[in-house]
Amino acid sequence: MSKKESVLQNISWKFAERMVAQLVTLTVSIILARLLEPSHYGTIAVVMIFITLANVLVSDGFGSALIQKRHADALDFSSVLFFNLALSVVLYIVLFIASPIISRFFGKGHEMLVPVLRVLGVRVIFASINSVQYAYVARKMIFRKFFIATFFGTTISAILGVMMAFTGAGVWALVAQSLTNAIVNTITLGFTIKKKPPLAFSFNRLKLMLPFGVRILGTSMLITGYVELRALIVGKLYSSRDLAFFEKGKQFPNLLIANVNESISAVLFPKMSTDQENTALVKKTMRNSIRFSSYLMCPAMLGLMSVAEPFVRVVLTEKWLPSVPFLRLFCIVYLFQPIHSANMQAIKAVGRSDVYLKLELIKKAIELVALIIVMRISPEAIVISMAVLATLFTLVNALPSSRILNYEFKEQMLDLLPALGISVVMALIVYGVGSIPASPVVRLVFQIMTGIICYPILSAISGNKEFKTIVGFIKSKKIKK
């Protein structure tokens, strides 16, 4: 098997893992959204602000360092594992003690935050273990095993969550689904890998990974902290229902991003880390990533934006219609994510975490000023500012790559434009079809079918390279069979 085929197959397994996990999660989310009130989602959204931040502390720093390190051995993995476990226990204790303070901060109507945060906070401990497991999977390029493990965890947690929702468990159905997913995934992946870490710990090994890990952790905390700050502001200044609509509008574009962009990035980071001494090869991998992920992400984002209103009516029911403006705006926010992710993964892979951190500091300073200006206008104004800045930051993200990898912004735009152009044409056609006088179900079906038919046709007419590659890949698999 060639190196190119190995990368493609690992991307396929990672994509399959994300696709199955997100499809099951999406199905469960839709069922729960139809059964539960938006306020329940608002409670979980507030809790997840703090759980997410704690997860970043135990996952992103040394986990990324394990993947990036040229020659990581068993002692490196065990040292990170025991450090992460100790840190996660401390963080859980902090969350347990601080839960009443957090509840009082958000005010009346958020009393449920205390028990929910204390129970769901256990996720942090399992996240600390899972980050080391994932680093091992990424380094060994064995995403097939990761697919098997997450399939069981996602399925079991989905069944439990739905059953509890039908029995009237309310917010606890969401808690059970999220917590069970983390526990089962970690345990199953441990059995699947069949690689027990030695009972050994080395401060010296941690020190070697500390400079890179701390910068990546600082950047991740900066990015995640800012994202969660917006949710915190919506939850504090407005209502739990507003926060629920805000988060639900973000959910569906984010699911598509997770399926495509994260699948590719998860494989490309270790791949580019391996090739970090050959900048020409890193640039080639990065360029292919932008072209391929854009070909998948642009039609997904613009297509979802075009069908937003009938989609919410049919899938989530009319009580979730206030989430439609958020959904459309978040599609714009994530539209240029392929370029952002490819640039960030490349910068990390060549070991320039210092550049990565400085870049995020500059962007977050600008975003913070914008947030302060618009936060009291409306929740929609917050997302509009996000969409505007996400578009402008495509240039900012490209600047380090032009210097380090000689991959200019103009080149990146030329790699993005073929997919963006045909996606815009497709989206306009799909949106036009939505004006037919019919029920929301019929309109949605017609719009989706129009998009599915139009995009390949437009790709073939324009001679899109990624379309030809995908068709060739499918044909080669059929011939082998």
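Of the 23 residues of helix α7, 18 are buried, so the helix is largely enclosed by the rest of the structure. This result, like those that follow, comes from a predicted model. From its first C-alpha to its last, α7 reaches 34 Å, close to the 33 Å expected at 1.5 Å a residue. The helix is followed by K194, whose phi is positive, near 60 degrees.

Helix α7 also takes part in the second largest pocket, which holds about 590 Å³ of space. The pocket is lined by 24 residues, and those closest to its centre are L81, Q133, K195, K196 and P197. At least two lining residues are supplied by each of α3 (74-106), α5 (123-140) and α7 (171-193). The largest share comes from α5, with 6 residues. Sorted by class, the lining consists of 15 nonpolar, 3 polar and 6 charged residues.

A second helix, α16, spans residues 409-433 and has 25 residues. Its first and last C-alpha atoms are 35 Å apart, close to the 36 Å expected at 1.5 Å a residue. The helix has a kink of about 40 degrees at L417, shortly before the proline P418. Buried residues of α16 occur on both sides of this position in the sequence: Q412, M413, D415 and L416 are among those before the kink, and A419, L420, I422, S423, M426, A427, V430 and V433 are among those after it.

Salt bridges were then examined, of which the structure holds 5. In one of them, the side chains of K250 and E247 meet at 3.4 Å, N to O. Both residues lie in helix α9 (residues 240-274), 3 residues apart, about one turn of the helix. An α-helix has 3.6 residues a turn, so residues three or four places apart point the same way. The two partners fall on either side of the 20% cut-off for a buried residue: K250 is buried because its relative accessible area is 14%, whereas E247, at 22%, is partly exposed.

The salt bridge between K364 and E367 is also formed within one helix, with the closest N and O atoms 2.9 Å apart. These residues belong to helix α14 (residues 353-374) and are 3 residues apart, again about one turn of the helix. Here K364 has a relative accessible area of 11% and is therefore buried. E367 likewise counts as buried, at 11% relative accessibility.

Some salt bridges share partners, and these join E309, R313, E318 and R443 into one network. Within this group, R443 forms a salt bridge with E309, and their closest N and O atoms are 3.3 Å apart. This pair links distant parts of the chain, with R443 in helix α17 (residues 440-462) and E309 in helix α11 (residues 308-315), 134 residues apart. R443 is buried, its relative accessible area being 13%.

One further backbone feature concerns T317, which is found in the loop between α11 and α12 (324-333). Its phi is near 80 degrees, a positive value in a residue other than glycine.

How values were computed. Residues are numbered from 1 along each chain as its sequence is written. This is a predicted model: local features need pLDDT of at least 70, side-chain atom pairs count only at pLDDT 80 or more; totals for chains, interfaces and linings use all residues. Side-chain values use heavy atoms; hydrogens and water are left out. A salt bridge is a side-chain nitrogen of Lys or Arg within 4 Å of a carboxyl oxygen of Asp or Glu. Helices (H or I, at least four residues) and strands (E, at least two) are DSSP runs, numbered from the N terminus. Buried means under 20% relative accessible area, exposed over 50%, partly exposed in between (1.4 Å probe, protein chains only). On a 1 Å grid over the protein atoms alone, a cavity is a set of points where a 1.4 Å probe fits but cannot get out, and a pocket is an open set with protein on both sides within 12 Å along at least five of seven lines; lining residues have an atom within 4 Å of a point. Grid points are joined across faces, edges and corners, and a volume is the space filled by probe spheres set on the points. Ala, Val, Leu, Ile, Met, Phe, Trp, Tyr, Cys and Pro count as nonpolar, Asp, Glu, Lys and Arg as charged, and the others, Gly among them, as polar. The expected span of a helix is 1.5 Å times one less than its number of residues. The bend at a residue is the angle between axes fitted to the seven residues ending there and the seven starting there.
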